[in-house]
Amino acid sequence: MSSRSESPIVVESPHVQYTDEFITSQYVYQSTVAERKGKSVVVTPTSTEFTFRTERRVPKTGVMLVGLGGNNGTTLLSGIIANREGLTWRTRQGVQEPNYWGSLTQASTVQLGSDSKGDPVFVPLGQLLPMVDPNQLVVGGWDISKKNMADAMSRSKVLEYDLQRQLVPFLEPIVPLPSVYFPDFIAANQKDRADNVLEGSKQELLEKLRQDIRDFKTANDLDKVVVLWTANTERFSDIIAGVNDTADNLLASVKNDHEEVSPSTLFAIASVLEGCPYINGSPQNTFVPGLIELALQRQVPIAGDDFKSGQTKMKSVLVDFLISSGLKPVSIVSYNHLGNNDGKNLSAPKQFRSKEISKSNVVDDMVASNPILYKPGEHPDHCVVIKYLPYVGDSKRAMDEYTSEIFMGGKNTISTYNICEDSLLAAPIMLDLVILAELLGRIQYKTEEEPEFSPLHPVLSHLSFLLKAPMVPKGAPVVNALFPQRAAIVNFLKACNGLPADTHLGLEHRINKK
């Protein structure tokens, strides 16, 4: 059953119309075209008028997690239940209350403007447009381990015991659906967990996954389902002409049981064919060219890759800060050790290589932005190390060293030590990805050149803030710097309300008023 969300923000403007069905806004997108001509750069301002239409009715939404019984899956499910039921628990620091801290949509704010006194007015980001209430999300999914969610929560060792004890009655009845297990794609050390696996050809597995999605949707009376991969990191799939390079070839490869069709790609195909947004929370190349083409053909949203929660988020802030300040990072060394099952799986070389790629590329756009500091082809030395140390469990240690060249041949070194409660940081990001992916599916646009309303591009680059290696539409620039990524989300949501983008000019405070 859908529900219409009331508007906590009302824009009084002739450019915004509210009906029971839609929020419709006119927005002038101003940009520039810059061309190098000799030693000059010729800049031409441009403007395009968009009409955005956001469906106000929030559908009853479910999320199916691939890897439901892992640390991330059990932590997200437990957090939703604790918030929904108002559970409190006692630690050495006293009584704790549930929250959604760490969630962009639930725990961050946006400045809408200034009041008559000139003071800024902030509102929760989640109030900018009608969004799914996380407490109303229905959670299900698959796992290669058959442990019920109470036992899986205990195995993960993430949450405090007093909270776990109260969650057991809610979690014990929940058992994950059997999942897809191809030993060649994940580390051999995962074999001991694989007691809940589907059997059959890849075509048979695809049909079973599609039926699982349909059954979940029907059983819970859902309007929409989002599928999110939070299972083990896979090795990279080989991109092979005639196998996974086009949508038709990829579907034929499934029928032919080709060895390079990975579990994550199989889940993504099932999701796209069922019209469900698919999000890849791990670093492997799930979105082979054929899968992207399939999503474009079906106009089904996809997003990836790899949750950006701790060390990489810090890196995308620090490197942006250094280069934007005119300092030249020349050496970046990142070391991690962790003891959860993610760390165990990443101890295998092929799986680590997938993670290494997603962590290493995060500085590329920032380096390319400053030809004063970097010559063509020049790049900082950049090393990423991940070690498995069982004792530390989910409490990942991340140590980084940034060495930069500064004024007159000097050197500056910044060292950081970051203890990341891995799953407690990842779970709110998963929540945001689901909520925003669902919302973006309810937004349409039109322009003078495209007079009929159309959905947004299926590759949801809006979600880059939440991902280490963000996917973008073909030909679009990849942005890794954290604050531009956040601004892109905020400014788009504001545009859908007919509000101007944040410029931080603050001219009302920087001129002599007469």
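This briefing describes a sheet, a pocket and a surface patch in the structure shown above. The model is a predicted one, and the values given here are computed from it. An open sheet of six strands is built with parallel pairing, and one of its members, strand β13, is mostly covered. The largest pocket holds about 1200 Å³ of space, while a nonpolar patch on the surface is made by I406, F407 and M408.

**The parallel sheet**

- Reading across the open sheet, the six strands follow the order β12-β11-β6-β13-β14-β15, and the pairing is parallel.
- The edges of this sheet are formed by β12, which covers residues 177–178, and by β15, which covers residues 302–304, and each of these strands pairs on one side only.
- On one side of β13 lies strand β6, made of residues 61–66, and the two strands pair in the parallel sense over six bridges; within this pairing, M64 has V227 of β13 as its bridge partner.
- Strand β14, made of residues 278–280, also pairs with β13 in the parallel sense, here over three bridges, and the bridge partner of W229 in β14 is N280.

**The covering of strand β13**

- Strand β13 runs through residues 224–229, and six of its six residues are buried.
- The covering applies to both faces of β13, with K224, V226 and L228 buried on one side and V225, V227 and W229 buried on the other.

**The largest pocket**

- The largest pocket encloses about 1200 Å³ of space, and its lining is made up of 28 residues, of which Y29, S461, H462, A488 and F492 lie nearest its centre.
- The elements that each give two or more residues to this lining are β3 (22–37), β4 (40–55) and α14 (482–495).
- Helix α14 gives the most to the lining of the largest pocket, contributing seven residues.

**The nonpolar surface patch**

- Together, I406, F407 and M408 make a nonpolar patch of about 390 Å² on the surface.
- Within this patch, I406 is placed in the loop between strand β18, which covers residues 395–405, and strand β19, which covers residues 411–421.
- I406 counts as partly exposed because its relative accessibility is 32%, a value that falls between the limit of under 20% for buried residues and the limit of over 50% for exposed ones.

Technical notes. Residues are numbered from 1 along each chain as its sequence is written. This is a predicted model: local features need pLDDT of at least 70, side-chain atom pairs count only at pLDDT 80 or more; totals for chains, interfaces and linings use all residues. Side-chain values use heavy atoms; hydrogens and water are left out. Patches are made of residues with over 30% relative accessible area and no salt bridge: like charges are joined within 9 Å, nonpolar side chains (Val, Leu, Ile, Met, Phe, Trp, Tyr) within 5 Å. Accessible areas come from the Shrake-Rupley method with a 1.4 Å probe; for residues, only the protein chains shown count as cover. A salt bridge is a side-chain nitrogen of Lys or Arg within 4 Å of a carboxyl oxygen of Asp or Glu. Helices (H or I, at least four residues) and strands (E, at least two) are DSSP runs, numbered from the N terminus. Buried means under 20% relative accessible area, exposed over 50%, partly exposed in between (1.4 Å probe, protein chains only). Two strands pair if DSSP finds at least two bridges between them. On a 1 Å grid over the protein atoms alone, a cavity is a set of points where a 1.4 Å probe fits but cannot get out, and a pocket is an open set with protein on both sides within 12 Å along at least five of seven lines; lining residues have an atom within 4 Å of a point. Grid points are joined across faces, edges and corners, and a volume is the space filled by probe spheres set on the points.
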